[in-house]
Amino acid sequence: MSMLRRFRDVARIGPVRVGTAHDQRGREKHTAACTAPNCGFSADYDSRAAAELAARTHRCPVR
């Protein structure tokens with residue numbers, strides 16, 4: 001069952017948005033998700049630096 005996350009400190013790096021939220025166990029997680037159509041990239045990280053690095057190096061698949 002999915003949980004509604006309340007993101008804070010949201011930033012946009014190219015087509016990727018990086019945000020900070022708490023997971024179901026109360027730990028702070030950082031998410032990077034691509035907003036480009038038909039991309040589907042999304043990942044959770046333990047540190048903000050890792051999420052921002054993933055956002056900077058992300059390349060959407062060629063259509």
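## A bridge between two strands

The side chains of Arg8 and Glu28 come together in a salt bridge, with N and O 2.6 Å apart. This pair ties together distant parts of the chain, since Arg8 belongs to strand 1 and Glu28 to strand 3, with their positions 20 residues apart in sequence. Arg8 is partly exposed at 38% relative accessibility, and Glu28 is also partly exposed, with a relative accessible area of 36%. The model in which these atoms are placed is a predicted one, and the count of salt bridges in it comes to 6.

## A network that reaches helix 1

Another salt bridge joins the side chains of Arg48 and Asp9, at 3.7 Å from N to O. This pair, too, links distant parts of the chain, for Arg48 stands in helix 1 (residues 48-57) while Asp9 stands in strand 1, 39 residues apart. Are the two partners buried or exposed? Arg48 has a relative accessible area of 17%, which is under 20%, and therefore counts as buried, whereas Asp9, at 54%, is over 50% and so counts as exposed.

Within helix 1, Arg56 and Glu52 lie 4 residues apart, about one turn of the helix, and they form a salt bridge whose closest N and O atoms are 3.8 Å apart. Glu52 is partly exposed, with a relative accessible area of 22%. Asp9, Arg48, Glu52 and Arg56 are linked in a network of salt bridges.

## Two residues with positive phi

Most residues other than glycine have a negative phi. Asp9, in strand 1 (residues 8-13), has a positive phi near 55 degrees, although this residue is not a glycine. Asn38 likewise is not a glycine and has a positive phi of about 60 degrees; its place is in the loop between strand 3 (28-34) and strand 4 (42-45), where Asn38 counts as exposed at 75% relative accessibility.

## Lys29 and Ala36

Lys29 lies in strand 3 and, at 18% relative accessibility, counts as buried because that value is under 20%. Its side chain is joined to that of Asp46 by a polar contact of 2.5 Å. If residues up to four places away in sequence are left aside, Lys29 touches Gly19, Thr20, Ala21, Asp23, Tyr45 and Asp46.

Ala36 is found in the loop between strand 3 and strand 4. With residues up to four places away in sequence again left aside, Ala36 touches Pro15 and Cys60. Ala36 and Gly14 are 22 residues apart in sequence, and their C-alpha atoms are 9.7 Å apart in space.

Technical notes
Residues are numbered from 1 along each chain as its sequence is written. This is a predicted model: local features need pLDDT of at least 70, side-chain atom pairs count only at pLDDT 80 or more; totals for chains, interfaces and linings use all residues. Side-chain values use heavy atoms; hydrogens and water are left out. Buried means under 20% relative accessible area, exposed over 50%, partly exposed in between (1.4 Å probe, protein chains only). A polar contact is a pair of N or O atoms within 3.5 Å; within protein, one must be able to donate a hydrogen and the other to accept it, and residues adjacent in sequence count only if both atoms are side-chain atoms. Contact means heavy atoms within 4.5 Å. A salt bridge is a side-chain nitrogen of Lys or Arg within 4 Å of a carboxyl oxygen of Asp or Glu.
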